[in-house]
Structure formats: structure tokens, C-alpha cells
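Below are a few comments on this entry, set out as numbered points for discussion.

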Amino acid sequence: MTSTTKGRPGALVNRGASEQSSTLQDVARLAGVSASTVSRILNGHVDSPRREAVDAAIKKLRFKPNLVAKSLRSGVSMAIGVLTQDFDNPYASRAAKGVEDELMSGGYTPIVISGHWNRAADETDRVRLLMSRKIDGIVVIGGRLSNEQLLDLSEQQPIVVIGRECHGPRLRSLDVDQRQGGYMATRHLIELGHRRIAHISGIEYQPDATARMQGYMDAHRDVGLPVDQRLIVRGDFSEVGGMQAMQTLLDSGIGLTAVFAANDQSLNGARLVLFNRGIDVPGQVSLVGFDGLPASEYSVPPTTTVRQPIYEMGCTAARELLRLLGVKQLNDTPIGSLELRLLVRGTTAPPPHSAA
């Protein structure tokens with residue numbers, strides 16, 4: 001017969017009520033408030049002077065709300081869909097991390113799915129798949145969906161999209177001035193003395209790729225420099241695309257002393273081609289990227305890049321979606337600046353004397 005004596009080897013221990021799951025009523029009793037007050041505070045609907053007492057009781061009792069029961073009662077799932085692109089894409093991963101951290105701090109659970117940069121019809125199917133999982137709203141990070149498609153989908157579910165400008169009754173967008181960022185990168189090279197500046201662009205028809213190229217053109221125009229169209233080569237925001245574009249530029253025999261790559265990943269591909277061909281960076285060719293990914297600081301030499309606040313944009317997008325849902329923000333910690341910054345590091349220098 002199995003022993004039930006506490007402390008003996010192999011004993012079955014009766015934990016008792018003290019270690020069972022706490023209830024909302026337990027929290028209310030410990031905090032000295034009504035159960036309805038605890039419920040309203042958890043839902044973010046009131047600023048109660050007893051919030052600190054309720055928070056302390058929740059922490060002491062390790063109370064976890066029954067989200068399934070809450071969903072059945074209220075029709076609110078406390079889950080948010082997140083459509084990103086490739087999971088191994090550092091830009092998308094960093095933005096998704098910002099979305100996740102902000103949602104989790106507010107008691108919401110993100111459900112993340114990848115669009116893999118497929119055609120817009122496939123991304124629409126992905127959004128509909130998220131909607132079928134009974135979510136409360138959606139954050140879209142990049143992708144190929146048009147503004148019109150996003151507006152149509154937002155009629156069924158509130159949506160916030162990162163990386164473009166589009167608005168509707170249940171649609172919000174969040175972006176920085178990508179054109180200005182392209183201008184900053186190119187103007188930096190011009191001010192160093194470069195006159196033959198190539199551009200490895202991003203995915204064709206992507207709003208951010210188009211805007212960054214326009215900034216490249218603007219910087220030339222403002223100082224009266226003609227743009228040699230042969231110096232503009234299409235990339236796809238990937239390392240492989242950057243490699244292929246750099247090979248095309250070098251094999252063409254067109255003279256260049258600098259490259260503005262549409263993102264850091266493209267720059268890394270271009271840098272590898274230059275290394276393999278024995279071309280010194282920045283002694284012979286200067287490089288400027290875009291995004292300011294964390295890894296760019298630790299490359300050799302560290303990368304000059306235009307930093308956009310990717311993580312902060314993810315946090316802000318999550319807060320904006322919760323506002324669309326009418327949820328009172330429990331996390332009022334400042335997110336940080338959403339401004340672009342040029343980070344001048346080791347991949348840019350004045351051109352060789354023979355090219356000045």
C-alpha cells in the first residue's frame with residue numbers, strides 16, 4: 001500500500017487549499033475591494049485608487065486570469081494576430097519583438113504568422129487565417145498587401161500596419177520618413193566628397209524601397225549632381241540580392257567610389273563581394289546601409305547606417321492597435337524617439353585622391 005504520510009519517501013502529499021489556484025475573489029479579499037473592481041482594473045477600464053493594492057494582491061497570490069472563460073463571457077480573446085515576413089529576417093524579428101513585448105505587458109497574447117514575402121493574394125489568405133483564430137486585431141509588418149487590400153480587411157478586423165502610410169476607420173499605419181533617410185545616407189557620402197555613388201535598391205514597388213531611392217535622387221539634385229542611371233541596380237533587401245547587385249556594378253566597369261544600399265542586409269552582401277575581390281572598405285569604396293540593425297555595430301569595420309527605430313515602431317504599433325480596440329493603456333512607459341538617425345561608423349571615408 002502506498003504511504004500517504006507527509007515527508008516519507010514516495011509519499012503522496014495533499015497540498016491543500018493554500019496552494020490551489022487563486023481566484024479573482026481571493027484577490028479582491030486580500031486587496032480589500034469588490035470582485036467587480038478587480039475585474040475592471042484587470043480590463044483596464046478604470047483608474048482606481050486601489051490599483052496598487054490590487055496589483056500587490058495579484059503578485060502575492062500569483063493570480064492568473066482565466067482568459068478562456070473571459071473570452072467566452074466577453075467575446076474578447078485577448079489575442080492579437082501579427083503578420084510578419086521571414087522569421088529569420090532581422091528587421092521583421094526586431095519589429096515583432098517590439099509588438100510582442102508591448103502586447104504581453106498589457107495581458108495580450110500575440111499569434112505570429114509569416115507571409116514569406118509571397119504575393120499579396122497569399123498574404124490575404126494569411127490574414128484570413130489569423131482572423132479565423134478568433135483574434136481581436138492584427139499588426140502587419142511590411143509585406144506586399146496594398147493599401148486598398150488592407151482597408152478592405154480592416155472592415156472585418158482592426159489593423160495597424162508598420163512601414164507605410166494608410167488610414168481608415170479601423171486602419172492605422174506607422175512609418176518614418178524613408179525618403180529623408182535615403183537623403184541622409186546619400187548626402188553623407190556627397191559631403192565626404194564622393195561623386196560616383198551607386199545605389200542598391202530594395203524590392204520593386206515596395207513603398208520603403210521607392211522612398212529611399214527618391215531620397216538618393218533628391219540628394220544629388222540638391223547639390224547639382226547628375227544621376228547616372230547605370231549606378232542604380234535592383235536588389236531585394238537580402239544579402240544574396242546585395243551580392244548580385246554589387247557583382248553587376250563591378251562587372252559593368254562603371255566607376256564608383258561609394259554605395260548606398262537600401263538596407264543593412266543588402267550592404268552585407270555587397271561588402272562580401274568587395275572583400276572577395278580585394279577591394280578595401282572604406283579605402284576604395286565607402287558603404288552606407290539602412291535600418292541600423294544591432295549586428296551592424298559589430299561588423300568589421302562597423303557599418304555606417306541610417307538607423308530607424310524598428311523595435312520602438314513595433315511597440316508603438318501595438319499600443320495604437322490597443323487604442324483602436326478601446327483598451328485603456330496600462331503601460332505608460334515612454335517608448336522612445338521614432339526619429340531616423342545617421343550613425344557614422346567605419347565603412348565611410350573620403351574617396352581615393354585619384355577619384356576626388
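1. Which residues of strand β10 are buried on one side, and which on the other? In this predicted model, Thr304 and Val306 are buried on one side of β10 (residues 304–307), while Thr305 and Arg307 are buried on the other, leaving both faces of the strand covered. In a regular strand, side chains point alternately to the two faces of the sheet.

2. The pairing of β10 involves two strands: β9 (residues 286–291) runs parallel to β10 and is joined to it by four bridges, whereas β11 (residues 341–343) runs antiparallel to β10 and is joined to it by three bridges. Thr304 is the bridge partner of Val288, and Arg307 stands opposite Arg341 in β11.

3. Strand β9 also takes part in a salt bridge, in which the closest N and O atoms of Asp291 and Arg212 are 3.9 Å apart. This pair links distant parts of the chain, with Asp291 in strand β9 and Arg212 in helix α9, 79 residues apart. Asp291 counts as buried at 3% relative accessibility, and Arg212 is likewise buried, at 2%.

4. The structure holds 15 salt bridges; another of interest is that between Asp228 and Arg196, with closest N and O atoms 3.1 Å apart. Asp228 is buried, with a relative accessible area of 17%, whereas Arg196 counts as partly exposed at 30%.

5. Thr316 lies in helix α12 (residues 310–324) and counts as buried because its relative accessible area is 16%, under the 20% cut-off. Beyond its neighbours within four places in sequence, Thr316 is in contact with Leu174, Ile335 and Leu338.

How values were computed:
Residues are numbered from 1 along each chain as its sequence is written. This is a predicted model: local features need pLDDT of at least 70, side-chain atom pairs count only at pLDDT 80 or more; totals for chains, interfaces and linings use all residues. Side-chain values use heavy atoms; hydrogens and water are left out. Buried means under 20% relative accessible area, exposed over 50%, partly exposed in between (1.4 Å probe, protein chains only). Contact means heavy atoms within 4.5 Å. Two strands pair if DSSP finds at least two bridges between them. A salt bridge is a side-chain nitrogen of Lys or Arg within 4 Å of a carboxyl oxygen of Asp or Glu.
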